[in-house]
Amino acid sequence: MNAPLPEHALQFMPSAGFRARSKEVVENPFLRKSFRGAMDFLIDKRITQFPDKEELESLRTLGEHIRQYNLGKLPDILEQLETRLTENGVHVHWAETPDEANAIILGICQKHSAKLMIKGKSMVSEEIELNHAAEAAGIDAMESDMGEYIVQLAGEKPSHIIMPAIHKTKEEIAKLFYEKVPGIDYTDNVDALIQIGRNVLREKFLVADIGLSGVNFAVAETGTLCLVENEGNGRMSTTVPPVHIAITGIEKIVEKLEHVPPLLSLLTRSATGQNISTYFNMISGPRKSHEKDGPTEVHLVLLDNGRSQAYADEQLRKTLQCIRCGACMNHCPVYTRIGGHAYGTTYPGPIGKIISPHMLGLEATATMATASSLCGACGEVCPVKIPIPDLLMRLREESFTAPHANPAMRGQGAGYSALVTGIWRGWAFVYRSPFWYRTVTWLGSRFGWLMPSKQGPWTTVRVPLKPAPKRLRDMLKERG
Amino acid sequence: MSEQAKNSQRPTDIYFFATCVVDQFYPGAGLDAITLLEREGIRVHFPEEQTCCGQPAYTSGFPDEARKVAAHQLTLFPENWPVVVPSGSCGGMMKHHYPKLFANDPARQAQAEALSSRVYEFTDFLVNVLGYQPEDKGSDCTIVLHTSCAARREMDVHLTGRQLLGNLSHVKVALQDHESECCGFGGTFSIKQPEISGAMVEDKVKSLKATGAERVVSADCGCLMNILGHAAWKDKQEGRSTPSLPGEHIASFLLRRTEERSSK
């Protein structure tokens with residue numbers, strides 16, 4: 001079942017094309033079935049990790065509190081982190097924008113005359129589109145996480161923050177490898193495919209000039225960068241090349257080492273249904289003089305990219321509690337229908353809908369917040385209890401109300417329409433007044449038969465809505 | 001909430017907040033719910049001035065408009081009686097969102113808080129306040145229950161509907177695939193993202209039909225409007241003259257099953 005993604009689903013476009021992209025996916029039965037199967041698999045894996053509902057709830061509450069505590073002290077612990085890391089011999093860099101982050105990273109590469117950068121999985125590096133920037137600077141940036149390697153070979157972007165190639169079938173990957181990896185025979189055996197990838201990547205680890213990784217938690221009191229992974233490529237990327245560059249968002253900081261175990265437990269259990277990941281790396285600095293391995297230089301790039309905008313608002317700040325487990329997308333009926341590429345943003349799914357507007361502005365992302373039935377499945381599974389449905393409603397408000405002074409967000413009012421606002425004002429006028437409500441609904445009940453048979457988007461898959469000939473209040477009066 | 005309710009005395013009077021959807025589109029469901037409550041010896045008061053909880057504007061990003069409509073509802077329930085709502089979604093709006101909606105209006109917020117503690121979703125009220133145990137007088141049948149997302153996740157009353165149906169000795173309640181998944185309604189979501197909403201309701205109706213149940217019941221008319229609307233559209237597309245998936249509010253089903261000489 002080769003179900004190629006539609007051409008434009010593979011490109012990152014502003015969310016204006018969201019409806020067209022999602023339409024193409026929902027009309028493709030192969031993709032529908034494939035996404036559903038993949039998400040069901042992840043949902044089932046997660047639930048086996050949480051047999052005890054009470055334990056789950058108390059751990060989620062603890063996770064929420066840890067994240068809120070640390071966000072509350074964020075300016076202080078960022079400073080503490082910088083001090084400790086510097087003491088440990090790590091170079092700390094601050095980037096406000098993706099361009100600044102790329103310039104810092106490429107500057108380090110150029111200083112070392114780097115030709116090849118091997119990358120562990122990092123969504124922040126996707127966020128800044130580091131691979132494009134590296135390519136433009138003549139540096140080969142190669143993904144070493146198997147899923148990332150696959151999407152890079154295919155010239156695509158990750159469709160899921162934990163499972164980048166979840167949209168691809170085994171057969172598609174087999175075909176891709178056969179076409180792109182020189183000197184191999186065709187196979188669709190998963191173990192053999194993984195072995196092919198490993199063989200290619202092993203060579204690259206040995207010759208890479210730079211290793212790049214993300215960070216799951218940065219511990220301020222010790223100056224430790226924690227990295228969660230399953231393939232060992234994270235450890236290879238951060239220990240074999242002579243220079244290691246880590247990049248992360250400014251919100252990923254915890255003050256104390258003791259904050260890590262509960263978050264780690266929530267992360268791996270929520271993300272992949274694993275009790276613990278295969279690898280958990282704690283990086284505390286470059287190779288010391290008496291040590292025989294490890295990079296001689298370690299850098300950390302701390303990226304803002306709109307996070308401080310979210311931070312400044314009490315409600316929107318909750319967005320930054322996220323530990324990037326992806327459970328919200330696995331459980332989202334919308335993500336399950338359309339997959340990650342349709343969103344057109346680095347972070348798809350519910351977390352993508354609430355974080356992307358801070359990175360890209362509401363102008364480019366206004367439609368995303370409307371793509372939710374507010375069913376609450378995301379909030380229910382979020383390991384740190386981010387109230388995602390409430391935040392979606394807030395973003396709708398920020399987008400649709402008329403532009404005003406001192407907005408909390410870039411692009412506030414981007415979705416404003418005088419007509420739509422007028423309709424809601426009219427609606428409120430009728431529904432706040434018993435007289436007008438009675439009058440309008442009476443007319444509806446008498447003349448419901450005049451309702452058109454085509455009622456816009458509602459009747460594309462439903463019969464038209466017709467008010468009942470008698471309202472409940474009429475029936476109650478008749479009954480006496 | 002349920003604990004508190006169980007310990008309190010059985011009320012003699014309640015307010016019934018029908019919701020605008022029931023008043024205009026499913027009046028029979030409202031009448032059946034009222035009849036059922038009255039049969040249990042409760043005096044049901046229907047404030048004539050009631051309109052809508054305000055949720056459509058609230059979830060669409062127009063909290064100011066929602067506030068105006070909600071503020072009117074706050075004035076309708078002066079006595080300290082329970083307010084029973086035949087919808088988890090509208091009940092959730094009044095119980096959980098009204099206090100937030102009036103965060104900057106202390107007088108109204110106090111009113112909203114006081115109201116919040118008295119708001120009950122219909123099935124929750126039957127089970128946890130009245131201790132209602134329906135006696136089944138109908139013949140054997142298989143049905144399927146759809147629970148709204150608000151009833152499940154906001155009101156936390158996803159078990160009460162199943163519990164009530166479980167009391168009916170001749171009714172088998174089938175379990176659909178992906179039971180807890182949203183039907184795709186979501187208010188204006190169904191209009192703004194019709195492709196995704198359409199895919200969700202298509203899958204929902206398929207899974208409900210696959211159980212072989214002869215009808216679907218739900219305690220939320222918003223979901224029913226969406227689910228039954230799609231099922232009927234599909235029937236029309238495929239040239240069926242009788243509905244392949246009839247459905248109704250759980251109040252109507254319960255009332256019929258418990259009436260003398262009922263056939264279903």
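1. Start with the place where the two halves of chain B meet. In this predicted model, 28 residues of domain 1 of chain B are in contact with 24 residues of domain 2 of chain B. On the domain 1 side, the elements that each give two or more residues to this meeting place are α2 (20–24), α3 (27–39), α4 (55–59), α6 and α8 (122–129) of chain B. Try finding each of these helices on your screen.

2. Where does each domain of chain B begin and end? The domain assignment places domain 1 at residues 2–129 and domain 2 at residues 141–258. Taken over C-alpha atoms, the centres of domain 1 and domain 2 of chain B are separated by 22 Å.

3. Next, look at the sheet. Four strands of chain B form an open sheet, and reading across it you meet them in the order β2-β1-β3-β4, with parallel pairing. At the edges sit β2 (43–45) and β4 (119–121) of chain B, each of which pairs on one side only. From one strand to the next, the twist averages 35°. As background, strands of a sheet pair through backbone hydrogen bonds, either parallel or antiparallel.

4. Here is one strand pair to zoom in on. Strand β1 (residues 13–16) of chain B runs parallel to β2(B), and 3 bridges join the two. Which residue in β2(B) is the bridge partner of B:Tyr15? That partner is B:His45. Helix α6 (residues 88–101) of chain B packs on the sheet, where α6 touches β3 (83–85) and β4 of chain B. The direction of α6 makes about 160° with that of β4(B). You have already met α6 of chain B, among the elements on the domain 1 side that touches domain 2.

5. Now step back to the whole chain. Chain B has 14 helices and 8 strands. Its radius of gyration is 18 Å, close to the 18 Å that the globule rule gives for 264 residues, so chain B is as compact as a globular protein of that length. Along its principal axes, the C-alpha trace of chain B spans about 55 × 45 × 30 Å.

6. How much of chain B is buried? Of its 264 residues, 57% count as buried. Among contacts in chain B with a separation of 6 or more, 78% come from residues 24 or more positions apart.

7. Finally, consider the largest nonpolar core, which has 201 residues; A:Met117 and A:Val301 touch the most other members. Helix α13 (residues 221–237) of chain B provides the largest share of this core, 8 residues. Beyond its neighbours within four places in sequence, A:Met117 has contacts including A:Cys109, A:Ala134, A:Ile139 and A:Leu212.

Notes. Residues numbered from 1 in each chain as written. Chains lettered and ligands numbered in written order. Predicted model: local features only at pLDDT ≥ 70, side-chain atom pairs only at ≥ 80, totals over all residues. Rg over C-alpha atoms; globule rule 2.2 N^0.38 Å. Buried ≥ 20, exposed ≤ 12 C-beta atoms within 10 Å, placed from the backbone. Contact = placed C-beta atoms within 7 Å. Core = buried A, V, L, I, M, F, W, Y, C linked by C-beta atoms within 7 Å. Pairing = 2+ DSSP bridges. Axes fitted to C-alpha atoms, helices over the stretch in contact; angles between N-to-C directions. Domains from an automatic or database assignment.
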